[in-house]
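The following note is offered to a colleague who is meeting this structure for the first time. Its points concern pockets, a cavity, one asparagine and the cysteines.

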Amino acid sequence: EAFKSLAVFVGDMRSQVCAQHLADEWSRRLTCKPLQFVQAQLMKCPMDAPFELMAIEPYVPGAYEKQTNNASFVRRGSELAQAFSHFSYHSSGGQLMVTDIQGVWTTLTDPQIHSETDAFGRGNLGTRGMDAFFLRHQCSEICKTLKLKE
């Protein structure tokens with residue numbers, strides 16, 4: 001029941017909006033590798049449906065790949081996704097980090113945000129999640145191009 005509440009959906013949608021804001025900033029700085037997050041919408045289900053609410057996103061054609069998760073998974077070859085997470089941390093002054101990077105190449109979906117606030121979705125692991133990311137992260141040429149601190 002807790003995962004079906006309006007508060008959970010609002011937190012997830014807030015994560016998506018915040019991630020898109022940071023992706024816009026990223027895309028202005030690194031124009032050769034623009035990123036975008038698909039926009040989710042909240043749908044109220046019919047009375048006879050098993051759920052009252054459901055988050056829906058547009059279909060993205062192509063090979064869907066999970067690059068990172070919100071804990072410590074990092075896929076080999078995920079330098080772009082890792083650099084974006086690092087960028088989000090740097091750009092927010094260490095206040096938050098976009099993680100759980102997945103989608104079709106540079107069209108991304110369903111991010112999680114680590115933050116000290118409880119404003120974001122159920123995957124928010126706070127500074128514990130940020131620390132887990134940096135334990136596995138190796139700065140790439142993208143991080144160096146963006147002048148992100150190692």
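1. The second largest pocket of this predicted model has a lining of 15 residues, and Q67, G77, L80, A81 and W105 are those that lie nearest its centre. Its volume is about 210 Å³. Helix α2 (residues 79-91) gives the largest share of this lining, namely four residues. Sorted by class, the lining of the second largest pocket comprises eight nonpolar, four polar and three charged residues.

2. The largest pocket encloses about 300 Å³ of space. Its lining consists of 17 residues, and nearest the centre lie F9, D12, M54, A55 and R122. Two elements, α1 (6-29) and β3 (53-56), each contribute at least two residues to the lining of the largest pocket. By class, 10 of the lining residues are nonpolar, two are polar and five are charged.

3. Closed space should be considered separately from the pockets. Rolling a probe the size of a water molecule over the atoms reveals where empty space remains. The count of cavities of 30 Å³ or more comes to one, and the largest cavity has a volume of about 40 Å³. The residues that line the largest cavity are T68, N69, A71, S72, F73, V74, A132, F133 and R136. Five of these lining residues are nonpolar, three are polar and one is charged.

4. N124 merits a point of its own. This residue is placed in the loop between β8 (112-115) and α3 (126-136). Is N124 buried or exposed? N124 has a relative accessible area of 19%, and because the limit for a buried residue is under 20%, N124 counts as buried. The side chain of N124 reaches the backbone nitrogen of G126 at 2.8 Å. When neighbours within four places in sequence are left aside, N124 is in contact with Q112, I113, H114, S115 and T117.

5. The cysteines remain to be discussed. How many disulfides does the structure hold? The number is zero. For C32, the closest cysteine sulfur is that of C143, and the separation of 13 Å is too far for a bond. C32 is also exposed, with a relative accessibility of 61%. For C139, the closest cysteine sulfur is again in C143, at 4.0 Å. Because a disulfide requires sulfur atoms within 2.5 Å, the sulfur of C139 is too far from that of C143 for a bond.

How values were computed
Residues are numbered from 1 along each chain as its sequence is written. This is a predicted model: local features need pLDDT of at least 70, side-chain atom pairs count only at pLDDT 80 or more; totals for chains, interfaces and linings use all residues. Side-chain values use heavy atoms; hydrogens and water are left out. On a 1 Å grid over the protein atoms alone, a cavity is a set of points where a 1.4 Å probe fits but cannot get out, and a pocket is an open set with protein on both sides within 12 Å along at least five of seven lines; lining residues have an atom within 4 Å of a point. Grid points are joined across faces, edges and corners, and a volume is the space filled by probe spheres set on the points. Ala, Val, Leu, Ile, Met, Phe, Trp, Tyr, Cys and Pro count as nonpolar, Asp, Glu, Lys and Arg as charged, and the others, Gly among them, as polar. Buried means under 20% relative accessible area, exposed over 50%, partly exposed in between (1.4 Å probe, protein chains only). A polar contact is a pair of N or O atoms within 3.5 Å; within protein, one must be able to donate a hydrogen and the other to accept it, and residues adjacent in sequence count only if both atoms are side-chain atoms. Contact means heavy atoms within 4.5 Å.
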